[in-house]
Every structure is written in C-alpha cells, then in structure tokens.
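Visitor: I should like to request a close look at a single part of this structure. Please take one helix and set out its surroundings in a connected account.

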Amino acid sequence: MAQKDNSDIGQMPFERAIEELESIVKRLEEGKVPLEESVAIYERGEALKRRCENLLRQAEARVEKITLDASGTLDASGKPTGSEPLDVD
C-alpha cells in the first residue's frame with residue numbers, strides 16, 4: 001500500500017482519500033507494521049490529510065459563495081452575513 005511517490009494524491013477524490021487515510025490510521029494503531037513501512041505510510045497519511053483539508057476548504061468556500069450570492073450582503077468587516085452552515089440532514 002505504501003508508495004514512495006504520492007503524486008496520485010493530488011487528483012484523489014475526497015471519499016477515496018479519507019478511506020485510505022482511515023486505513024493507514026488503523027494499521028498504525030495496530031502497531032504491527034515494521035518501522036520503515038510505518039514511516040512511509042505515516043508520510044502518505046500526512047499527504048492524504050492535507051488533501052482532505054484542502055478539499056474541505058474548497059467545498060466550504062463554494063457553500064459560502066452560494067449563500068452569499070443568495071443574500072448578497074456583507075457585514076462591516078466584509079464577511080458575508082448570509083453565510084450559514086450546510087445542513088446535510
């Protein structure tokens with residue numbers, strides 16, 4: 001599973017990245033991975049974490065833009081007053 005080249009992560013969809021990250025965390029928590037492999041998969045896990053965080057920031061920005069476009073108003077600090085958390089229920 002561990003790859004020296006993490007270039008595939010940059011194009012990975014959120015769901016795939018989080019799934020692999022969860023798998024890495026589980027393997028590391030079990031403690032049955034040799035040291036060298038632990039370091040390699042930890043590094044991959046860090047790259048996956050950054051990818052997930054980036055994708056979440058992008059999604060949040062899109063939701064805020066949609067909400068701002070709907071309300072069209074800003075407060076005194078220039079922040080959108082129509083920004084609301086996304087209700088996924």
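Guide: What follows is an account of helix α1 and the residues that meet it.

The model is a predicted one. Its chain has 2 helices and 0 strands, and of its 89 residues 20% count as buried. The accessible surface of the chain comes to about 6,800 Å², with 53% of that area belonging to carbon and sulfur atoms. Among contacts in the chain between residues at least 6 apart in sequence, 53% join residues at least 24 apart.

Helix α1 spans residues 14–30, and helix α2 spans residues 35–71. With 17 residues, α1 reaches 24 Å from its first C-alpha to its last, which is close to the 24 Å expected at 1.5 Å a residue. The buried residues of α1 are A17, E20, L21 and I24. These residues lie on the same side of α1, because they cover an arc of only 105° around the axis. A general property of helices is relevant here: an α-helix has 3.6 residues a turn, so residues three or four places apart point the same way. The face of α1 turned away from its buried side carries the exposed residues E15, E22, K26 and E29. After the helix comes G31, whose phi is positive, near 70°.

The buried side of α1 may next be considered together with the nonpolar core. The largest nonpolar core has 10 residues, namely I9, M12, A17, L21, I24, V33, I41, A47, L48 and C52. Helices α1 and α2 each supply at least two residues of this core, and its largest share, 4 residues, comes from α2. In soluble globular proteins, nonpolar side chains tend to be buried together.

L48 offers a view of this core from the other helix. L48 is placed in helix α2 and is buried, with a relative accessible area of 0%. Leaving aside its neighbours within four places in sequence, L48 is in contact with I9, M12, A17, E20, L21 and I24. Four of these partners, A17, E20, L21 and I24, are the buried residues of α1 named above. The C-alpha atom of L48 is separated by 9.8 Å from that of E22, a residue 26 places away along the chain. E22 itself is exposed, on the face of α1 turned away from the buried side.

S38 also belongs to helix α2. At 17% relative accessibility, S38 counts as buried, because the cut-off for that class is under 20%. Not counting residues up to four places away in sequence, S38 touches L28 and V33. Of these two partners, V33 is a member of the largest nonpolar core.

Charged side chains add a further layer to the picture. The structure holds 5 salt bridges, and E20 takes part in two that are described here. One of them joins R16 to E20, with the closest N and O atoms 3.6 Å apart. R16 and E20 are separated by about one helical turn, because they stand 4 residues apart in helix α1. R16 is partly exposed, with a relative accessible area of 41%, whereas E20 counts as buried at 5% relative accessibility.

The other salt bridge brings the side chains of R44 and E20 together at 2.4 Å, N to O. R44 lies in helix α2 and E20 in helix α1, so this pair ties together parts that are 24 residues apart in sequence. R44 counts as buried, at 2% relative accessibility. Both E20 and R44 are thus buried, since their values of 5% and 2% fall under the 20% cut-off.

Within helix α2, a further salt bridge is formed by K49 and E53, whose closest N and O atoms are 3.3 Å apart. Both residues lie in α2, 4 residues apart, about one turn of the helix. K49 counts as partly exposed at 32% relative accessibility, and E53 is partly exposed as well, with a relative accessible area of 35%. Salt bridges that share partners join D8, R16, E20 and R44 into one network.

To return to the part requested, α1 has A17, E20, L21 and I24 buried on the same side of the helix. A17, L21 and I24 belong to the largest nonpolar core, while E20 forms salt bridges with R16 and R44.

Note on methods. Residues are numbered from 1 along each chain as its sequence is written. This is a predicted model: local features need pLDDT of at least 70, side-chain atom pairs count only at pLDDT 80 or more; totals for chains, interfaces and linings use all residues. Side-chain values use heavy atoms; hydrogens and water are left out. A nonpolar core is a set of buried Ala, Val, Leu, Ile, Met, Phe, Trp, Tyr and Cys residues joined through side-chain atoms within 4.5 Å. Buried means under 20% relative accessible area, exposed over 50%, partly exposed in between (1.4 Å probe, protein chains only). The expected span of a helix is 1.5 Å times one less than its number of residues. The arc is that of the directions from the helix axis to the C-beta atoms. Contact means heavy atoms within 4.5 Å. A salt bridge is a side-chain nitrogen of Lys or Arg within 4 Å of a carboxyl oxygen of Asp or Glu. Accessible areas come from the Shrake-Rupley method with a 1.4 Å probe; for residues, only the protein chains shown count as cover.
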